[in-house]
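Student: I would like to go through this model with you, one question at a time. Please reason each answer out and finish on the value or name I ask for.

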Amino acid sequence: MVLFYRSLFYVVGLLILSFGATLTIKANLGAGPWDALNVGLSALIGLTIGSWIVIIGILLIFVNALLLRRKPALLSLFTVFILGFFVDFWMAHLINVFNYFLFMNQLLLLIGGLVIIGLGISLYLQASFPLNPIDEFMVSLQERFGLNIMASKLIGEILALIFAFMVNGPIGVGTVIIAIGIGPAIQVFHPICCGIMDKLAIK
């Protein structure tokens, strides 16, 4: 049953994460740094946003290996392929559902997406399955430099923001909100999800 719960947290967490990321893109106030990078690359070079999630993920797998001086976590490929598929799915199916132009509606959509991302990440982290390389990058920075999870996430977001700017990704006020808020969002949900998983594991 423990493996079942871990698998459930993993798949549901990635599904929720991809949904939240899509909401922040649809808000049209500026995507999160990593999403802005993927959207910018998609517009500049081609391929879907989900495809760029996979490509950037593969690159980060090797960066993380260098940071931790370990072999590349190739099993993380499963995570990026699943996440890329889910993002492309939501992008296709939500394109006509969320189309807000009033600033307050866009802001609410953005904040809602940010909260959902925090929940999704916190859920799938409980599975202890291969991480999304972006989150593995956060953990790698945490372990390598002794940072807390909020600080390491912020550093990763700032680096992604720089690259997103270089490829003319959708950067705006929403990007700043997400870059600052994603760490605290994870910090809020992480202990709650840990507690739920501990109770389920005991049962």
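Student: What phi does Gly46 take just after H2?

Tutor: This is a predicted model, in which local features need pLDDT of at least 70, side-chain atom pairs count only at pLDDT 80 or more, and totals for chains, interfaces and linings use all residues. Residues are numbered from 1 along each chain as its sequence is written, and side-chain values use heavy atoms, with hydrogens and water left out. Helices here are DSSP runs of H or I with at least four residues, strands are E runs of at least two, and both are numbered from the N terminus. Gly46 comes just after H2, and its phi is positive, about 115°.

Student: Which residue in the loop between H2 and helix H3 (49-68) has a positive phi although it is not a glycine?

Tutor: Most residues other than glycine have a negative phi. The residue in question has a positive phi of about 70°. It sits in the loop between H2 and helix H3 (49-68), and it is Leu47.

Student: Is Leu47 buried or exposed?

Tutor: Buried means under 20% relative accessible area, exposed means over 50%, and partly exposed is in between, using a 1.4 Å probe and protein chains only. Leu47 has a relative accessible area of 54%, so Leu47 is exposed.

Student: How far apart are the end C-alpha atoms of H2?

Tutor: The expected span of a helix is 1.5 Å times one less than its number of residues. For the 13 residues of H2 this gives 18 Å. The span in the model agrees, since the end C-alpha atoms of H2 are separated by 18 Å.

Student: How many of the 13 residues of H2 are buried?

Tutor: The buried residues of H2 include Pro33, Trp34, Asp35 and Ala36. Ser42 is also in H2 (residues 33-45), and with 18% relative accessibility Ser42 counts as buried. H2 is mostly covered, and its count of buried residues is 10.

Student: Which residues does Ser42 touch, not counting residues up to four places away in sequence?

Tutor: A contact means heavy atoms within 4.5 Å. With residues up to four places away in sequence left out, Ser42 touches Leu47, Thr48, Ile49 and Trp52.

Student: What is the phi of Asn28?

Tutor: Asn28 is in the loop between H1 and H2. Asn28 is exposed, with a relative accessible area of 57%. Its phi is positive in a residue other than glycine, near 60°.

Student: What separates the C-alpha atoms of Val11 and Leu123?

Tutor: Val11 belongs to helix H1 (residues 2-26) and is partly exposed at 40% relative accessible area. Val11 and Leu123 are 112 residues apart along the chain, and their C-alpha atoms are separated by 9.1 Å.

Student: Which glycine follows H6?

Tutor: H6 (residues 133-145) reaches 18 Å from its first C-alpha to its last, close to the 18 Å expected. Its buried residues include Pro133, Ile134 and Phe137. The residue that follows has a positive phi, near 70°, and is Gly146.

Student: What is the radius of gyration of the protein?

Tutor: The protein has eight helices and zero strands. The radius of gyration is taken over C-alpha atoms, and the globule rule is 2.2 Å times the number of residues to the power 0.38. For 203 residues the rule gives 17 Å, and the protein is close to that, so it is as compact as a globular protein of that length, with a radius of gyration of 16 Å.
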